[in-house]
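Let's walk through this one together, starting with a single chain and then turning to the place where two chains meet. Have a look at the sequence and the 3D view before reading on.

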Amino acid sequence: MKKIYLSLIFCFLYIPILTLITLSFNKSGLPTSWGGFSISWYFDLFDNQKIFKALLNTIIVAFFSTAIAGLLGTLLAMGMELKKSNKYVEATAFIPMIIPDIVMAISLLSFFTLLQFTLGLHSIIISHVVFNTAFVCAVVRTRFKYFDHNVIEASYDLGGKHVITFIKITLPIILPGVIAGSLLAFTLSFDEFIIAFFTSGAGSSSTTLPMLIYSMIRFGVTPEINALSTFIILFSFIIVFISQRAVKGKLLI
Amino acid sequence: MIEVKSITKKFGSLFAIKDFSIDINHGEFFALLGPSGCGKTTLLRVISGFETPDSGDIFLDKENITNFKPFIRPTNLMFQSYALFPHFNVFKNIAYGLEREKLKKSEIFFRVNEIINKTNLNGLEQRYPDQLSGGQKQRVALARCLVKKPKVLLLDEPLTALDKNLKEKMKLELKNLQKQFGITFIMVTHDQDEALALADRVAVMNEGNLIQVGSPKEIYSNPENFFVAEFIGKMNFFQKSKIEGGNFYFQDNSFISLPKNNTQNPQCVGIRPEDILFKAKDDSSYVFEGKVVDIIYHGQENEVIINSAISEDSILIRCHKDQTLNLNTNITLYCAQQSFRLY
């Protein structure tokens with residue numbers, strides 16, 4: 001009986017995704033009829049300059065916001081775990097994770113407008129750093145629970161100054177957490193729509209992939225979008241898989 | 001060699017160590033003994049440089065090292081949890097401290113191998129800490145410190161994490177290593193057996209104060225005050241009913257005579273279980289009757305619980321395995337007058 005419940009839930013979760021993947025191979029291009037197997041939509045996808053540009057933008061945003069958030073989130077986690085922290089710092093650090101995206105999007109937009117900040121890819125990057133830092137911090141902190149913090153003092157005691165201790169001891173031990181947190185941040189940033197939409201500015205030059213898909217979908221779901229989504233699913237799946245392994249420490253240690 | 005001079009350390013408004021002074025000699029195995037929260041670990045962390053004292057100084061070979069950071073102090077600390085680097089194998093764990101001294105690779109290799117031989121770690125060089133047993137981890141932690149040839153090795157509860165049989169084995173090993181290397185060891189422990197068995201001198205601490213320093217023998221046979229008497233070993237205490245005419249009266253009005261030169265006003269007298277005998281040592285022995293209420297079997301020497309009119313609390317005595325005692329029978333016991341201690 002339990003197995004039936006479980007399979008029903010899995011069907012509910014994954015049938016839409018499987019439908020999408022199947023339709024991306026549909027020759028007819030109509031979601032209502034199956035016209036035979038084809039990979040032509042994938043070729044169309046690669047020919048589409050707009051999609052290519054949006055993909056590039058998305059990768060730029062995801063890469064830079066992940067790099068900055070990876071650094072800030074790791075340092076924040078170290079500070080919270082190794083120095084005396086209090087519950088207010090902890091609560092504040094996690095607000096960006098739980099605050100509704102739409103609220104954050106509006107507040108960031110009003111903030112940038114107040115500062116008369118020009119909008120573009122850089123403002124999307126800054127906005128993504130805000131929530132990514134919280135996610136990286138949360139993942140890295142779990143890694144800190146895995147080891148005896150005395151090893152840091154042991155390193156000082158054996159003659160390792162602060163920088164050496166960080167490079168030789170602390171960082172290698174928490175690295176799986178840093179990698180897992182960064183990969184999570186990358187996927188979050190990669191498919192983030194609302195905040196990017198609000199903070200990208202007027203021009204089409206800073207359109208990211210989710211924004212492009214949204215604008216394309218107004219003229220109906222094309223098989224091209226299905227093909228693109230299939231790619232994104234595959235990519236996200238790989239990243240989540242790697243990050244899960246990294247959290248368990250199988251990646252490096 | 002190490003002089004601790006009037007160290008005071010406060011956490012908030014709480015005194016962890018109060019105006020603490022002590023001299024530790026070169027090559028000595030020194031134990032800081034006390035109940036948990038007595039400040040012994042804080043003192044160890046002050047000596048190793050992880051805590052800065054609020055006042056007072058620490059001298060090592062006449063040099064004031066109070067403000068030296070841990071990474072330049074010629075002391076090394078063995079952590080209670082061992083704190084081995086989980087991502088390094090045994091060899092790299094031991095070599096880490098020498099690499100920080102920027103020694104030549106060949107010298108590091110030589111010294112690490114030398115210490116691996118001395119601490120019986122041969123064949124384990126490539127293992128990672130999570131592939132080692134408790135005793136092996138401890139030896140790696142020791143080797144990692146000893147390879148640096150520190151002037152002082154500090155040990156924080158070195159045996160607490162080990163099970164009973166291994167503890168006995170490691171006690172011997174620790175003592176041998178200390179003799180072999182001739183390094184001053186300062187050990188923190190709450191376990192009096194460890195302190196008495198290992199140390200040349202023991203400092204008993206309580207609430208941040210030094211209570212008594214001495215050799216294990218001095219501490220055991222001559223506890224200066226009630227705290228040490230109660231904390232070290234086992235001791236029976238008998239409350240007084242009154243002191244009159246230079247005599248100390250027990251609850252049942254029997255008495256012992258106090259020493260002629262006694263000026264204090266003792267609240268109770270204490271006597272070690274092994275000083276309560278089944279036979280009189282001399283004519284002046286104090287004699288009392290008691291009923292055997294329990295026998296706790298240990299093997300060679302067993303503990304016997306006695307109820308007697310001379311004391312409200314039960315009395316603990318020891319008896320050899322060959323002596324037959326029956327429960328609920330009355331026995332006569334003897335104590336030499338000089339084995340009573342006044343508190």
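How many helices and strands are there in chain B? Chain B has eight helices and 21 strands. Keep in mind that this is a predicted model.

Now for the overall build of chain B. Measuring along the principal axes, its C-alpha trace spans about 75 × 45 × 35 Å. The chain has 343 residues, and 36% of them are buried. If you take the contacts in chain B between residues at least 6 apart in sequence, 63% of them join residues at least 24 apart.

The domain assignment splits chain B into domain 1 and domain 2, and the C-alpha centres of these domains lie 39 Å apart. Here are the bounds:

| Domain of chain B | Residues |
|---|---|
| domain 1 | 2-230 |
| domain 2 | 238-342 |

On to the interface. Here 17 residues of chain A are in contact with 18 residues of chain B. On the chain A side, α7 (150-157) and α8 (162-190) each supply at least two of the residues that touch chain B. Which element gives the largest share of that side? That would be α7(A), with six residues.

As for chemistry, the residues on the side of chain A that touches chain B divide into ten nonpolar, three polar and four charged. A side note on interfaces in general: their size is often given as the accessible area lost when the parts come together.

Terms used: Residues are numbered from 1 along each chain as its sequence is written. Chains are lettered from A and ligands numbered from 1 in the order in which they are written. This is a predicted model: local features need pLDDT of at least 70, side-chain atom pairs count only at pLDDT 80 or more; totals for chains, interfaces and linings use all residues. Two residues are in contact if their C-beta atoms, placed from the backbone, lie within 7 Å. Helices (H or I, at least four residues) and strands (E, at least two) are DSSP runs, numbered from the N terminus. Ala, Val, Leu, Ile, Met, Phe, Trp, Tyr, Cys and Pro count as nonpolar, Asp, Glu, Lys and Arg as charged, and the others, Gly among them, as polar. Domain bounds come from an automatic or database domain assignment. A residue is buried if 20 or more other C-beta atoms lie within 10 Å of its own, exposed if 12 or fewer, and partly exposed in between; C-beta atoms are placed from the backbone.
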